[in-house]
Amino acid sequence: MSLYFSNIFGINSILLIRDLAQTCNSSIWVGLISNLGVLLWAFAAAINIFVSNIISSNYLLRKFILFGGLFSLILCIDDFFLLHDKFGGKIFYSMYSFFIIFLLKKFRKIIIKLGFTFFMIPIFFLGMSVFFDLPVQILFKDSYFFIQIFEEGFKFIGIAFWLNFWVKACNFAIEDNKN
């Protein structure tokens, strides 16, 4: 089906099936940190969605874990396809901010029980990444290389802490389900 749509949009079919480093004749290390970040998003999504399907005793906790998994999946797809770069970061970042506020409001008791600080640490680092992506990059265009280091560094650290939070949340949910 992908090959069919690639022809409709005038994209050479081989570009859909070959590895990016191979297509661009680049080193295998090109995009390593970004690719690892995508994997961490995918791990968070997969773990959460799996755990949300095996716990049954606490409906609100199950819903929280599922929403965390679906949100992680959305972030994974965005990061993989660079949707926020292609279609406007402000729109995506606004939607993500709304979803974080929704999680905080709807599941505040669970988040507090799991550790509010542990939830806010990844939000802080991901927020710093957005800060370097939007206003700082606009203000300091001549320092693109250094801004990218900070932006991608904050993002990767944020994703790692995000995964850590959700692994702990899923572990808590599994233990809670046993009781």
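## A walk through the pockets, the cavity and the charged pairs

Start with helix H4: with four residues, H4 supplies the largest share of the lining of the largest pocket. A pocket is an open set of points on a 1 Å grid over the protein atoms alone, with protein on both sides within 12 Å along at least five of seven lines, and lining residues have an atom within 4 Å of a point. Helices here are DSSP runs (H or I, at least four residues; strands are E, at least two), numbered from the N terminus.

Before you click further: this is a predicted model, where local features need pLDDT of at least 70 and side-chain atom pairs count only at pLDDT 80 or more, while totals for chains, interfaces and linings use all residues. Residues are numbered from 1 along each chain as its sequence is written, and side-chain values use heavy atoms, with hydrogens and water left out.

**Stop 1: the largest pocket**

Select Asp 19, Leu 20, Ala 21, Asn 35 and Phe 80; of the 23 residues that line the largest pocket, these lie nearest its centre. H2, helix H3 (20-23), H4 and helix H5 (59-81) are the elements giving two or more residues to this lining. The space inside comes to about 800 Å³, a volume being the space filled by probe spheres set on grid points that are joined across faces, edges and corners. Colour the lining by class and you get 13 nonpolar, six polar and four charged residues. In that scheme Ala, Val, Leu, Ile, Met, Phe, Trp, Tyr, Cys and Pro are nonpolar, Asp, Glu, Lys and Arg are charged, and the others, Gly among them, are polar.

**Stop 2: the second largest pocket**

Now for a pocket of about 600 Å³, the second largest. Its lining has 27 residues, and the ones to pick out are Tyr 93, Leu 126, Ser 129, Val 130 and Lys 155, the closest to its centre. Which helix gives the most to this lining? H9 does, with seven residues. At least two residues each come from H4, H5, helix H6 (83-87), helix H7 (89-106), helix H9 (116-139) and H10. By class, count 13 nonpolar, seven polar and seven charged residues around this second pocket.

**Stop 3: the charged trio**

Keep Lys 155 selected and add Asp 79 and Glu 152: salt bridges link Asp 79, Glu 152 and Lys 155 in a network. A salt bridge here is a side-chain nitrogen of Lys or Arg within 4 Å of a carboxyl oxygen of Asp or Glu. Side chains of opposite charge can pair when their charged atoms come close.

Asp 79 and Lys 155 meet at 2.7 Å, N to O. That pair joins distant parts of the chain, since Asp 79 sits in helix H5 and Lys 155 in helix H10, 76 residues apart. Buried or exposed, which is Asp 79? Asp 79 is buried at 5% relative accessibility, and Lys 155 is buried too, at 14%. Buried means under 20% relative accessible area, exposed over 50%, and partly exposed in between (1.4 Å probe, protein chains only).

Lys 155 also has a salt bridge with Glu 152, with the closest N and O atoms 3.5 Å apart. Lys 155 and Glu 152 are three residues apart in helix H10, so about one helical turn separates them. Glu 152 counts as partly exposed because its relative accessibility is 22%.

**Stop 4: the cavity beside the trio's residues**

Leave the trio on and add Ile 33, Ser 34, Gly 37, Phe 156 and Ile 159; together with Asp 79, Glu 152 and Lys 155, they line the largest cavity. A cavity is a set of grid points where a 1.4 Å probe fits but cannot get out. The space in there is about 40 Å³, and a search of the whole structure finds one cavity of 30 Å³ or more. Helix H4 (32-54) and helix H10 (144-178) each bring at least two lining residues, with H10 providing the largest share, four.

**Stop 5: another charged pair on H10**

The whole structure holds three salt bridges. Go to Lys 178 and Glu 175, whose side chains meet in one at 3.4 Å, N to O. Both lie in helix H10, three residues apart, about one turn of the helix. Lys 178 is exposed at 60% relative accessible area, while Glu 175 is partly exposed at 39%.

**Last stop: Tyr 4**

Finish on Tyr 4, which is in helix H1. With 53% relative accessibility, Tyr 4 counts as exposed.
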